[in-house]
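Hi,

Here is the structure I promised to send over. Have a look first, and then read on for what turned up in it.

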Amino acid sequence: MSEDQARKVIQTFKYEPKRLERGYSDRTLYVNLSDNTVKAKTISEETKDVFIGGRGYGLYYLWQAVTGVTKWNDPENEIIISCGPIAGITQYPGTGKSIVVTLSPTTGTVIDSNVGGYFGPFMKFSGWDALEVQGKAERDVVVYIDGDKGVVTIEEVPLGDLNTHVLAERLTDYYSESENDKKNISVVSTGTGADNSLMGMLNFSFYDRKRKAVRIKQAGRGGIGSVFRDKNIAAFVIKFSNVNGDLNNPADKKRINDTGIKMHKEVASMDPKQNNMRKRGTTMLTPIANDNDLLPVCNFKFGTHPDAVKITKWEDKFCHTGSDGCWYGCTVGCAKVVFGFELRTGPYKGQKVLVDGPEYETIGAVGSNVGVFDRDHILECNFYCDTYGIDTISFGTGAAFIMECYENGILNKDITGGLELNFGNREAVMELLHQIAGGEGFGKIAGQGIRKMKKIFVEQYGANSRFLEDIGMEAKGLEYSEYISKESLAQQAGYGMANKGAQHDEAWLIFMDTVLKQIPTFEDKAEALHFFPMFRTWFGLVGLCKLPWNDVVPANNADTDEPQKVPEHVENYLNLYNGVTGKEATIDDILFESEAVYNFQRVFNLKMGVGKREHDSIPYRSVGPVTVEEYESRQERYDDQLKDLIGVDPSGKSTEEKIKVVREYREKQYEILVDTVYKRRGWTDQGIPTLDTLKRLRVDFPDVVGLVKKHL
Ligand code: SF4
């Protein structure tokens, strides 16, 4: 380690690194940056039994930390990182995920975001099931966990540039003893964009030994990076050496090994024939989305574009010489990387850099949704969002909203400081991003997210509030991820009813609903909106990545009773869970565990003032055509629906009249589905879990019941 003379250790906490037992250490590391407290907390059996780990632990500790009036930038808000009992095993793909939980600056309620990289598993192996950070430091600090020695320090170290591509590499160098030691370091960091906006995200690093490069994965959603910087955290750094597959001390190692071997063989044989994630990463979704009218184009107006072919192929850009797993053992390896990309704009203009990505969501957000069909632009935006610590989804969806406002005369060059924010203007998109990151010009407004922009545009620029509510693609204050949901009623509810806001990780039902037509009735859709959010929540409780569940499937999957659930993989996951923990859980048991945590999160929303039916409403752009242009672009489809579904003859009607009829019908369908889902979930017609539901799920804690009773 160098530069020790400039290092100032503010607090030191020594502990006994603890061997994990069946995936758990049963303690959390608590850090308070206001008074520099560092201590261990024991996790009780009761807490473990109900909350399991990962997102469950995040919710549990955040609930204890905050009241219903706590704001994101109050010192008592916490950032909690936890990954869960399965995380860290190296025998199966996708086992290194952490979940980060905090109060979001844009939604005002809980945000949970899952992320790869090595930090979470290293934290577990260092003896901690979760890291809980509260308070605010006076100056920028690093929280350093040396899991080899059993020492936690809060320290000031020479930092320089805080943007991730510089800082993560610098801290990896700083805390490692040698080139070989770099693989034992993981850094959590963000960048100047998180300082100056509400859409800050966190980068979790891992060292790519073959390519000798620091790589990153993102906890992107909901402004977690902005909370991180508000607490004056420069970075969390962890060191842990000697990773091996047995560190979870699992109950049945053979069961895990056998399951892993079977899955690795399946990935090797099936992935090249199916999605080819190993070569294409999640970019493989781009042509599928475009072909099925699902790719967001120009603020979700359209679902396809002739120029989309320019952004669907990426294999030639990616480096294929190493492994792209974001944790050991991930043979799916979708974390693709581009080397030697020369930047054309911004503070690092002219430099050749590594770009982690792009993912499908980034391509949709900063490419098609802003009307730019150019791979180099997408890479440039991807790089700068990452290093600035800005969520690509919130940035792209926000920029698309601004562009539609600009094209409708709500904004103009006087307001934007000269930026001509028409769809397709890539220079303006890049300039907007740099301004957000610097907290300059129109970027100061754009960086606040769509919900706050809507208010500003109405109050200061006289915009029509109904139009902005229709086209501003956010729900609960979170910007939409990148799928057109107009033709999938189930996906509309998947977005609208998601606990954290409009993210698809709870329910991604578009294909089942519209392409495969497997859930035709309200009851079918409600059942899917029960099963899939609960099953998907479970991944976040135990530390798993969802992609190996259904992006690679067994050869005979289509012949099974419920191919959309991938039954053989569900069996694999039960083997992993039971193999690690020693339980003998069934699918019903894990769904029960998830349902408990999910309902607790719904009540948490209620605590923060957003857990009712009115908060499950969605912008009409995600339901149907808002404008004449949109309707007429799919006139045949909508006219047919008028005739066949609604029973109205479209002939002789103006487009505006037809839009009105379609809207009334679609909005009613949405409300019926919401009612059906509430009923299926055991909630009131206002979307509040009933006391019976809370009791059945064993989350009827006195403070939970007391809160719910006030709203019934
Ligand atoms: S499938 Fe991709 S995101 Fe998931 S663990 Fe593997 S590399 Fe990471």
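Which element gives the largest share of the lining of the largest cavity? That would be α20, which contributes five residues. Before going further, please keep in mind that this is a predicted model.

**Cavities**

The count comes to two cavities of 30 Å³ or more. The largest cavity has a volume of about 70 Å³. It is lined by 13 residues, and those closest to its centre are Arg55, Asp112, Asp505, Arg536 and Lys546. As for where the lining comes from, α20 (522–542) and β6 (110–115) each supply at least two of its residues. In terms of domains, both domain 1 (9–239) and domain 3 (489–711) give at least three residues to this lining. If you sort the lining of the largest cavity by character, you get seven charged residues, three polar and three nonpolar.

The second largest cavity has a volume of about 30 Å³. Its lining includes Gly23, Tyr24, Gly53, Gly54 and Tyr57, and also Ser82, Gly84, Pro85, Lys124 and Asp129. Here the split is five polar, three nonpolar and two charged residues.

**Ligand**

What surrounds the ligand? There are 13 residues around it, and the closest are Gly94, Cys326, Cys330, Cys334 and Cys545. The shell around the ligand divides into seven nonpolar, three polar and three charged residues. Domain 1 (9–239) and domain 2 (261–479) each provide at least three residues of that shell. So you will meet domain 1 twice when you click through the model: in the lining of the largest cavity and in the shell around the ligand.

**Sheet**

There is also an open sheet of seven strands with mixed pairing, and the order across it is β1-β9-β8-β13-β10-β11-β12. At the edges sit β1 (8–14) and β12 (213–219), each of which pairs on one side only. From one strand to the next, the twist averages 20 degrees.

If you want one pair of strands to look at, try β8 (residues 141–146) and β13 (residues 233–239), which run in the parallel sense and pair over six bridges. Which residue of β13 stands opposite Val141? It is Ile233.

That's what I have for now.

Cheers

Terms used: Residues are numbered from 1 along each chain as its sequence is written. This is a predicted model: local features need pLDDT of at least 70, side-chain atom pairs count only at pLDDT 80 or more; totals for chains, interfaces and linings use all residues. Side-chain values use heavy atoms; hydrogens and water are left out. On a 1 Å grid over the protein atoms alone, a cavity is a set of points where a 1.4 Å probe fits but cannot get out, and a pocket is an open set with protein on both sides within 12 Å along at least five of seven lines; lining residues have an atom within 4 Å of a point. Grid points are joined across faces, edges and corners, and a volume is the space filled by probe spheres set on the points. Helices (H or I, at least four residues) and strands (E, at least two) are DSSP runs, numbered from the N terminus. Ala, Val, Leu, Ile, Met, Phe, Trp, Tyr, Cys and Pro count as nonpolar, Asp, Glu, Lys and Arg as charged, and the others, Gly among them, as polar. Domain bounds come from an automatic or database domain assignment. A residue is near a molecule or strand if one of its heavy atoms lies within 4 Å of it. Two strands pair if DSSP finds at least two bridges between them. Axes are lines fitted to C-alpha atoms, for helices over the stretch in contact, and angles run from 0 to 180 degrees between N-to-C directions.
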